Amino acid sequence: MNGKNMVTIVQTVAFLGIEAVPVNVQVQIASGLPAFKIVGLPDKAVNESGERVRAALVASGLSLPPKRITINLAPADLPKEGSHYDLPIALALMGAIGAVPSDALDRYFVLGELGLDGHIAPVNGTLPAAIAANGRGFGIICPHSSGSEAAWAGDDIDIIAPKNLLSLVNHLVGNQLCTRPTPKKQVKTDNLPDLADIKGQEVARRALEVAAAGGHNMLMVGPPGAGKSMLAARLPSIMPPLNPRELLDISMIQSIAGELANGQISDRRPFRAPHHSASMAALVGGGLKVKPGEVSLAHNGILFLDELPEFSPSVLDSLRQPLENGETVIARANARVTYPARFQLVAAMNPCKCGMAGTPGHICKRGDRCASDYQARISGPFLDRIDIRIDVPPVSVADMISPSSAEPSANVAIRVQKAREIQMKRYLQLGINNVHTNAAANSSLIEKVVKPDKESKELLLRASERFNLSARSYHRILKVARTLADLANSEQTRRQHIAEALSYRIKFA
Ligand SMILES: Nc1ncnc2c1ncn2[C@@H]1O[C@H](COP(=O)(O)OP(=O)(O)OP(=O)(O)O)[C@@H](O)[C@H]1O
Ligand SMILES: [Mg+2]
């Protein structure tokens with residue numbers, strides 16, 4: 001492919017959501033006035049790449065001929081974002097001037113950012129790129145620090161992860177080989193806060209267990225200092241570990257978002273707790289650069305929104321779509337990007353602005369308006385998506401003084417794990433492999449697996465008259481009841497399960 005006026009091609013990727021789409025970097029060095037041009041919808045970072053590439057080549061002892069150099073990123077209609085195009089551009093140029101054998105690069109995806117001194121800096125998205133490469137029987141050339149991330153793509157994928165341009169050239173011409181990196185896992189330090197720290201709060205502890213077991217969204221309402229934030233922080237300690245498929249999915253998102261430190265992946269379920277000042281872009285994704293937001297980083301894990309009414313109402317409402325269908329769509333002028341976002345929502349709030357409404361003996365200065373104004377910041381449809389809503393009353397001093405006899409997280413985690421296994425098995429037996437929890441089941445599926453008996457139906461009927469249940473709330477109650485039955489290892493969903501599920505739906509002002 002090398003020769004005068006010929007085109008050298010190196011392959012890299014562009015990211016569409018978490019998918020890595022192949023991109024060809026074509027270089028032509030032609031006679032004419034010296035020029036250096038990048039075409040094919042490059043963003044600013046890609047456009048500036050020319051300067052970095054030139055400097056890095058000079059630092060590595062190579063110089064570009066004073067000719068007309070054109071670089072095309074094909075397909076031309078796909079927007080190219082990010083700094084990982086430096087290395088493929090540099091390699092294509094080096095192939096074109098004969099500094100590396102250009103056929104050596106035929107079966108690789110290349111990505112990496114270049115420093116002016118020729119070192120190769122880490123980039124986001126190495127894992128999805130490596131998986132895409134492996135799927136085609138290709139290898140990958142990536143920065144040294146992303147190497148162990150790429151190694152997760154497969155045992156036999158060819159990985160070249162050099163520290164700088166010079167060692168890459170040496171590897172390609174066979175002078176000095178780079179060793180293949182090995183996959184690295186984050187070491188578990190196991191210092192998760194434990195449920196045993198919590199005194200009293202029996203109802204909230206039980207609700208936490210039910211939420212973890214069935215993957216249900218949950219809201220805790222209570223006065224300041226009742227222990228809501230404390231309870232939520234202990235949810236990760238009772239969640240089952242990620243299965244390999246879930247692990248891969250979340251690691252891909254973390255890779256794209258640049259959240260994999262040193263290319264190490266962790267099998268702990270994500271727990272994201274964005275502050276209430278978070279913007280819509282920070283939460284659902286997007287912004288200046290299309291990037292996954294908190295909802296996607298919480299994929300297969302927990303999104304904890306503390307002080308729920310303090311979030312901007314429009315930000316909260318933007319969560320309605322991902323809550324319903326498990327993904328976010330970011331629409332742009334020239335692209336539409338989808339990120340997975342199947343998270344479990346856990347939220348905490350005070351009942352009113354002063355925080356004390358409903359506490360015996362307390363009268364808000366602003367009367368009933370205090371609670372109703374505060375709670376009105378959360379829209380009905382948003383609230384409707386929360387399966388479990390409980391009151392968290394203040395702990396009594398007696399509870400605080402008594403020596404703690406609370407059950408440790410490890411015991412609860414075993415029950416949660418068992419209930420999860422029952423759910424997985426049930427939905428697999430029905431031939432549905434994308435539903436693993438009761439919370440994720442759709443309404444027709446949940447009706448099929450609950451089959452309430454006569455007593456339960458009567459109870460549901462009475463409750464619907466009293467509480468004015470919507471169709472969605474009806475299904476959500478069935479889901480929680482099913483989880484309660486699973487926790488009790490009961491085939492049938494009984495009246496007591498429905499009754500308990502109904503108790504997890506406190507009224508709002
Ligand atoms: N049930 C409990 N057992 C032990 N300590 C508790 C309990 N509840 C509260 N505490 C103590 O009170 C502190 C505050 O609790 P936490 O921050 O969870 O309250 P909160 O309900 O989130 O309050 P706020 O509404 O102000 O956010 C905790 O750090 C802990 O020291
Ligand atoms: Mg709190």
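Trainee: Helices here are DSSP runs of H or I with at least four residues, and they are numbered from the N terminus. On that basis, which helix gives the most to the shell around ligand 1?
Mentor: Helix 8, with 3 residues. Keep in mind that this is a predicted model.

Trainee: Noted. Which residues come nearest to the ligand?
Mentor: P224, G227, K228, S229 and M230 come nearest, out of 15 residues around ligand 1.

Trainee: And how does that shell split by class?
Mentor: There are 7 polar, 6 nonpolar and 2 charged residues in the shell around ligand 1.

Trainee: Step back a bit. How many helices and strands are in the protein chain?
Mentor: The protein chain has 21 helices and 18 strands. Its C-alpha trace spans about 85 × 50 × 45 Å along the principal axes. Of its 509 residues, 45% are buried.

Trainee: What about contacts in the protein chain, what share joins residues at least 24 apart?
Mentor: The share is 72%, taken over contacts between residues at least 6 apart in sequence.

Trainee: How is the protein chain divided into domains?
Mentor: Domain 1 covers 7-184 and domain 2 covers 195-436. Their C-alpha centres lie 40 Å apart. The contact between them takes 18 residues from domain 1 and 19 from domain 2.

Trainee: Which elements supply the domain 1 side?
Mentor: Strand 1 (7-16), helix 4 (126-135) and helix 5 (147-150) each supply at least two residues of the side that touches domain 2. By class, that side of domain 1 has 7 nonpolar, 8 polar and 3 charged residues.

Trainee: Now the interior. How many residues are in the largest nonpolar core?
Mentor: That core has 129 residues, and A90 and I140 have the most contacts inside it. Helix 3 (residues 86-96) provides the largest share, 8 residues. Domain 1 and domain 2 each contribute at least three residues to this core.

Trainee: What does A90 touch, leaving aside neighbours within four places in sequence?
Mentor: A90 is in contact with V53, A56, L57, L114 and L165. There is also a second, separate core of 5 residues, which includes C352, C370, A371 and Y374.

Trainee: Back to helix 3. Why is helix 3 described as largely enclosed by the rest of the structure?
Mentor: Because 11 of its 11 residues are buried. The cut-off for buried is 20 or more other C-beta atoms within 10 Å of a residue's own. D86, P88 and G95 are among the buried residues of helix 3, along with nonpolar ones such as L87, I89 and L91.

Trainee: And which residue with a positive phi follows helix 3?
Mentor: G98, with phi near 80°.

Trainee: Different helix. How far does helix 7 reach from its first C-alpha to its last?
Mentor: Helix 7 (residues 202-214) has 13 residues and reaches 19 Å, close to the 18 Å expected at 1.5 Å a residue. Helix 7 is followed by G215, which has a positive phi near 70°.

Trainee: Which of the residues of helix 7 are buried?
Mentor: A204, then A207, L208, E209, V210, A211, A212, A213 and G214.

Trainee: What do those buried residues pack against?
Mentor: The buried residues of helix 7 pack against strand 11 (218-221), strand 18 (388-391), helix 8 (228-233), helix 17 (409-429) and helix 20 (471-487). Helix 8 is also the one that gives the most to the shell around ligand 1.

Notes: Residues numbered from 1 in each chain as written. Chains lettered and ligands numbered in written order. Predicted model: local features only at pLDDT ≥ 70, side-chain atom pairs only at ≥ 80, totals over all residues. Core = buried A, V, L, I, M, F, W, Y, C linked by C-beta atoms within 7 Å. Buried ≥ 20, exposed ≤ 12 C-beta atoms within 10 Å, placed from the backbone. Domains from an automatic or database assignment. Contact = placed C-beta atoms within 7 Å. Expected span 1.5 Å × (residues − 1). Near = placed C-beta within 6 Å. Nonpolar A, V, L, I, M, F, W, Y, C, P; charged D, E, K, R; others polar.
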